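Dear colleague,

Please find below the structure I am handing over to you. My notes on it come directly after.

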Amino acid sequence: MERLSALRTRVVVMAGQEAPTVSRTRRKSATQHGGSTLADLHQALQDYLPVLLGLFKDGSQLQHNVQFAWMNQEDEAEETAISNAWYEVLSVLHLMAMLSLSQANLLLLPRTSCDGYQPKVSEENRRASVDIFLKAAGYLDCAVRHVLPQFPTSLREDLPVDLAEGVLRALCLQALGQGVDIQLGMAIDSAKATLAVKRRLACEMVKYWQQAQDNIMNLPLANGWGEKHRLFIKWKYVEAKAAAYYYHGLILDEGNTEKSHGMAVAALQAADEYFKESKRSCEAFNAASPLSRSPFQVLICLCAETHRFGEP
């Protein structure tokens with residue numbers, strides 16, 4: 001227990017350095033401070049998790065004797081404290097996923113190139129971000145498949161909305177959707193990528209974002225952070241549909257029949273309508289409180305909007 005307490009205190013102190021304990025609407029983003037502390041905090045969580053799992057060995061009752069408290073982001077309650085170690089495991093996995101999204105966030109911030117041209121994201125960073133998005137999705141998938149089933153129904157009802165199954169599933173699908181989004185961007189920049197490949201990636205995006213929206217739309221997200229998260233998913237879903245119809249239309253236009261050309265026109269018109277709708281959704285996301293820190297932030301994940309940090 002001393003080892004557990006020491007490791008958790010280390011996590012709390014490091015998390016506090018990244019996001020000082022202020023009101024939720026003013027909490028600072030980890031992206032403001034660079035990436036080294038994120039990596040250190042992620043390592044601290046990796047050191048903490050196996051010790052935490054030791055509470056479940058050999059039928060130990062310690063798993064019910066320690067109260068764990070976490071601050072919430074999207075729930076109406078500011079904090080939730082539960083005397084169950086599975087709650088701590090779930091919260092740790094959630095935070096590890098959020099840190100991964102933050103790391104991907106940093107990689108996708110455009111940098112000024114050596115040749116002095118427009119700031120851009122390197123292909124190396126884009127490839128690395130895809131791997132990190134998959135890692136985040138893995139943490140969240142583990143939380144849904146292996147940790148949530150450990151909770152009795154009565155206790156699951158006490159979990160904050162931040163850890164509701166719908167939110168965890170939506171975040172997992174969001175991470176997958178953003179990973180495919182980056183892959184589509186790389187395919188667009190590649191002369192070797194065919195229209196069929198681009199359409200397949202766009203259709204994958206539609207699937208992930210639609211499922212993310214289905215999981216989060218009816219949840220009682222109680223404040224600006226939750227509503228902004230919902231707007232983000234709505235925007236990306238519509239944007240994905242615009243891309244899918246666009247590439248589908250281009251493929252249809254390669255046909256040599258009047259019917260295929262007519263279908264191509266219809267698909268491209270649908271793409272144009274979805275594109276206009278996506279611009280409106282993007283503007284709604286940007287205008288929603290809390291306001292985005294910079295224009296680049298709308299291109300990347302909602303890592304800042306979904307952080308939950310532990311308190312002693």
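The notes below cover one threonine, a pair of strands and one helix.

Please bear in mind throughout that this is a predicted model.

I begin with Thr-80, which belongs to strand S2, residues 79-82. With a relative accessible area of 10%, Thr-80 falls under the 20% cut-off and therefore counts as buried. Its side chain is engaged in a polar contact with the side chain of Asn-72, at 2.9 Å. Leaving aside residues up to four places away in sequence, Thr-80 touches Phe-68, Ala-69, Trp-70, Asn-72, Tyr-87, Asp-158 and Pro-160.

Among these contacts, Phe-68, Ala-69 and Trp-70 lie in strand S1, which comprises residues 68-71. S1 pairs with S2 through four bridges, in the antiparallel sense; Ala-69, for instance, has Ala-81 as its bridge partner in S2. The side chains of S1 are divided between two directions: Phe-68 and Trp-70 point one way, whereas Ala-69 and Met-71 point the other way. All four of these residues are buried.

I turn next to helix H9, which runs over residues 258-287. Its 30 residues, at 1.5 Å a residue, should span 44 Å, and the end C-alpha atoms are indeed 44 Å apart, so the expected and modelled values agree. The buried residues of H9 are Ser-260, Ala-264, Ala-267, Ala-270, Ala-271, Ser-278, Ser-281, Cys-282 and Phe-285. Helix H8, residues 224-252, is included in what covers them.

With kind regards

Conventions
Residues are numbered from 1 along each chain as its sequence is written. This is a predicted model: local features need pLDDT of at least 70, side-chain atom pairs count only at pLDDT 80 or more; totals for chains, interfaces and linings use all residues. Side-chain values use heavy atoms; hydrogens and water are left out. Buried means under 20% relative accessible area, exposed over 50%, partly exposed in between (1.4 Å probe, protein chains only). A polar contact is a pair of N or O atoms within 3.5 Å; within protein, one must be able to donate a hydrogen and the other to accept it, and residues adjacent in sequence count only if both atoms are side-chain atoms. Contact means heavy atoms within 4.5 Å. Two strands pair if DSSP finds at least two bridges between them. The expected span of a helix is 1.5 Å times one less than its number of residues.
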